Structures are given as C-alpha cells and as structure tokens.
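I opened a fresh notebook page for this one. Come and look over my shoulder while I go through it entry by entry.

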Amino acid sequence: MPGAIHAEGLVKTFGDVRALDGVDLDVPEGTVLGLLGPNGAGKTTAVRVLTTLLQPDSGRAVVAGIDVLGHPTEVRRRIGLSGQFAAVDEYLTGRENLQMVGQLYQLKAKAAKERAGELLERFGLADAADRTAKTYSGGMRRRLDLAAALVVSPPVMFMDEPTTGLDPRNRQALWEVIKELVAGGTTLLLTTQYLEEADHLAHDICVVDQGRVIARGTSDQLKAQTGGERVEVVVHEPGMITGARDVLARYGLAGTGRGEVSVEDHTRKLTVPVTGGAKLLAEVIRDLDAVGVEIDDIGLRRPTLDDVFISLTGHAAEREAEENGESARPGGGDRTHTKDVAK
Ligand SMILES: Nc1ncnc2c1ncn2[C@@H]1O[C@H](COP(=O)(O)OP(=O)(O)O)[C@@H](O)[C@H]1O
Ligand SMILES: [Mg+2]
C-alpha cells in the first residue's frame, strides 16, 4: 500500500510518563484518520514517531509502504508534515518562503509562484505576502507554515492540530485545502482536539487518552455510542406540540419510545435523542409538514468532544489556554449546545 499508514503496538515513555502505551493505527490509502484527544493524550508523540522524528521504545510502523524505523530517510521523502519540516524562514517574505518550498520540491519557477500566490490568498496572507515573516503575528506564522506544508501534495501527509489557534475564516480555508488534497489521493493523519473538525474531515476517528486508543469508528459511530445527538424543534404555536411529539417519537432512538421526547412548554421546544444525522433532519421536517406542524426552528444538536470524552472516560477533556490570540474553538455555538445536552 504505497499511501497507507500502519502502526502496531507503539510504546514511547518519557521518564515515567507513558506518552504512547501500545497504539495501533491503520489509515487506508487515500483516507483521513482523525486522531482525537485532549492535551497530553499522546497525539504529537504519535505523529513524531510516524514521521521519523522520534524513536519509539517498541512497536513498528510502516508509512507509504516503508518501514519507519528501518528507512527513515525514505519515509521522509514521501511525507509532508505541517509544523515541522516546513520551517518558516524569518528573513524571507511570506511569498518567498512558499516559492522556496516549491523550488525545493522541484516545481518549475512559474508553478511555484502560482501555487504560492494561491495559498497566500486562501490563508488571508495576500496583503502581507511581501513583508518578511519576522513581522508576522503568531497566527499569521501558523498560517504560513500550513501553507508551506501544502505547496506540494505528498502521498502521505501529517497535520498536528492544524487549526488550533486559527480563526473561523482561516479554519474554513484550511478545511477546503485539506479536502482538495484528499480528493487528489493524499492519505492524511490529522490530530485535533475538536470532534467537529474530525467530523468534517476524517473518514475514521481514533480517540486517544493517556497514550491509548480508547475508541475507534466513524464520527457517526462514536456519536451514536455517546448518545448525545438530538433533534430540537421549536413549533410555531402551543397547539402543535402534541402533533410534533407524535412525529418525533417515531425518530427516537430504537426502543426508547415516546417517553423520550422531552417538551419544554413555555418555549414550545421539543427534544429527542436520535442517531442518523442530517439526513434524518430532512425526513423529520417533511413529516412535521405532512401533519401540519409549523416550525419556528429545527436543528441537530451533536455531541461535542467533551460529551464523547465524558461518556468514554468519565472525565472531561482538559484543554490548555488557547494559543496565539486568535479564537481557537470551531463552532463556538457547540459550547452552548453541550451545556443543553449534558443535562
Ligand atoms: N519530550 C518530552 N519529554 C517529556 N515528556 C514529554 C515529551 N513529549 C511529550 N511528553 C509527555 O507525553 C505525554 C503526551 O504528550 P503529547 O504527545 O505532546 O500529547 P498531545 O500532543 O496529545 O497533547 C504528555 O504527558 C507530555 O507531557
Ligand atoms: Mg500535541
């Protein structure tokens, strides 16, 4: 498998901290694996081992068809890593930095120039393109570093918390670039603290905590396991509550029955736990319409990483203060939802 990532039994200790405590990973070629976990879970250590920057105490890994411990140089030639290899040169401008990376990877001068211009534009650096990187803020450097990692598309790419510290607009830009990269056949291992991000980008998710994989699956599978996904409907008038409740009861989690629909009379809000995601939402809307229930608002409230974590481990995912001054939390709205849902 020229583009796949495979790891078995990775162990790495630092003193008495078991940063990796027997991690197995499989990322089929052309897919995205989201390594999801709180600070200190072992995500960066895993990325460093897989990208040859760190030797594990035991275990083995094959990246792009090559044994990581046996042939690190060969592995490096086939992978991209945001945040490490592509160090930003302070004394070059943003544009020069990206063009240099392009030339390093043997793009023709014209192609390197075009790619640099495109990436500067996408990451909101066009205005600052001709200033030296030394004058960039923390957030701008981070974006330049990501752009540098994206100049060429290697068969296997690693991104360690690529959007931590990015504002929503730049996060969106990065998500788009990542999707294009994957559509072009790149295999991607991405670490994140945000379920929403893994949700958007990853085919499969591994939840890690204290050096161990504590759950794996698609985002839908993890959420179903967590049981935190809910449909919330606000009906137009109180007389429609009963009709809406009958419809929603049909969509409640299998076997839970009508009792599971909770109603808040004064806000005309009904909530039901579901599985099935956005597709189901369309069906609910259609069914409510068919029985003449008018809705003021409807939405799918998804569990956040916090919900998944609490459900899996019994403790909340702890995060350090965010970096760089740019807001780091995607989907700020989710925070509020969490509180609603957790009750
Ligand atoms: N170079 C190091 N020296 C000592 N401890 C380390 C080192 N790198 C990581 N650790 C520890 O290993 C654990 C996992 O860290 P890390 O892989 O950086 O987690 P994450 O990236 O998920 O936040 C943490 O407890 C961290 O403090
Ligand atoms: Mg880390």
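**Entry 1: the surroundings of ligand 1**

I sorted the residues of the shell around ligand 1 by type and got five nonpolar, five polar and one charged. A reminder to myself before going further: this is a predicted model.

Next I wrote down who is in that shell. Ligand 1 has around it Phe14, Val17, Ala19, Pro38, Asn39, Gly40, Ala41, Gly42, Lys43, Thr44 and Thr45.

Which elements each supply at least two residues of the shell? I found strand E2 (17–27) and helix H1 (43–50). H1 gives the most, with three residues.

Then I looked up single atom pairs. A polar side-chain atom of lysine 43 is 2.8 Å from an oxygen atom of ligand 1. From the backbone, an N or O atom of glycine 42 comes to 3.0 Å from an oxygen atom of the ligand. For alanine 41, I noted 3.1 Å between a polar backbone atom and an oxygen atom of ligand 1. I also asked how much of ligand 1 the protein buries. Taken alone, the ligand exposes 560 Å², and the protein buries 59% of that.

**Entry 2: salt bridges**

How many salt bridges does a search of the whole structure find? The search gives 16. I picked out a few to follow by eye.

My first pick was aspartate 21 with arginine 18, where the closest N and O atoms of the salt bridge are 2.7 Å apart. Is aspartate 21 buried or exposed? Its relative accessibility is 17%, so I put aspartate 21 down as buried. Arginine 18 has 43% and therefore counts as partly exposed.

My second pick was arginine 77 with glutamate 74, a salt bridge of 2.8 Å from N to O. Why are these two separated by about one helical turn? Arginine 77 and glutamate 74 are three residues apart in helix H2 (residues 72–78), so about one turn lies between them. Arginine 77 is exposed, because its relative accessible area is 58%. Glutamate 74 has 27% and is noted as partly exposed.

My third pick was glutamate 114 with lysine 110, whose side chains meet in a salt bridge at 3.3 Å, N to O. Both sit in helix H4 (residues 109–122), and they are four residues apart, which means about one helical turn between them. Lysine 110 counts as exposed at 61% relative accessibility, while glutamate 114, at 49%, counts as partly exposed. Before leaving the topic I checked for shared partners: salt bridges of that kind join Arg18, Asp21 and Arg212 into one network.

**Entry 3: glutamate 161**

Where is glutamate 161 found? I traced it to the loop between strand E7 (156–160) and H6. With a relative accessible area of 12%, glutamate 161 is buried.

I then searched for what its side chain touches. One polar contact goes to the side chain of threonine 164, at 2.7 Å. Another polar contact of glutamate 161 reaches the side chain of glutamine 193, at 3.1 Å.

**Entry 4: glutamate 180**

From that loop I moved on to H6 (residues 168–183), the helix that holds glutamate 180. Glutamate 180 has a relative accessible area of 44%, so I recorded it as partly exposed. Which side chain does glutamate 180 meet in a polar contact? It is the side chain of arginine 122, at 3.0 Å.

I also compared positions along the chain and in space. Glutamate 180 and serine 153 are 27 residues apart along the chain, and their C-alpha atoms are separated by 9.9 Å.

**Entry 5: a nonpolar patch**

Last, I went over the surface. Which residues form a nonpolar patch there? Met100, Leu104 and Tyr105 do, with about 300 Å² of accessible area together.

I looked at methionine 100 on its own as well. Methionine 100 has its place in helix H3 (residues 94–104). Its relative accessibility is 33%, so methionine 100 goes into my list as partly exposed.

Conventions:
Residues are numbered from 1 along each chain as its sequence is written. Chains are lettered from A and ligands numbered from 1 in the order in which they are written. This is a predicted model: local features need pLDDT of at least 70, side-chain atom pairs count only at pLDDT 80 or more; totals for chains, interfaces and linings use all residues. Side-chain values use heavy atoms; hydrogens and water are left out. Patches are made of residues with over 30% relative accessible area and no salt bridge: like charges are joined within 9 Å, nonpolar side chains (Val, Leu, Ile, Met, Phe, Trp, Tyr) within 5 Å. Accessible areas come from the Shrake-Rupley method with a 1.4 Å probe; for residues, only the protein chains shown count as cover. A salt bridge is a side-chain nitrogen of Lys or Arg within 4 Å of a carboxyl oxygen of Asp or Glu. Buried means under 20% relative accessible area, exposed over 50%, partly exposed in between (1.4 Å probe, protein chains only). A residue is near a molecule or strand if one of its heavy atoms lies within 4 Å of it. A polar contact is a pair of N or O atoms within 3.5 Å; within protein, one must be able to donate a hydrogen and the other to accept it, and residues adjacent in sequence count only if both atoms are side-chain atoms. Ala, Val, Leu, Ile, Met, Phe, Trp, Tyr, Cys and Pro count as nonpolar, Asp, Glu, Lys and Arg as charged, and the others, Gly among them, as polar.
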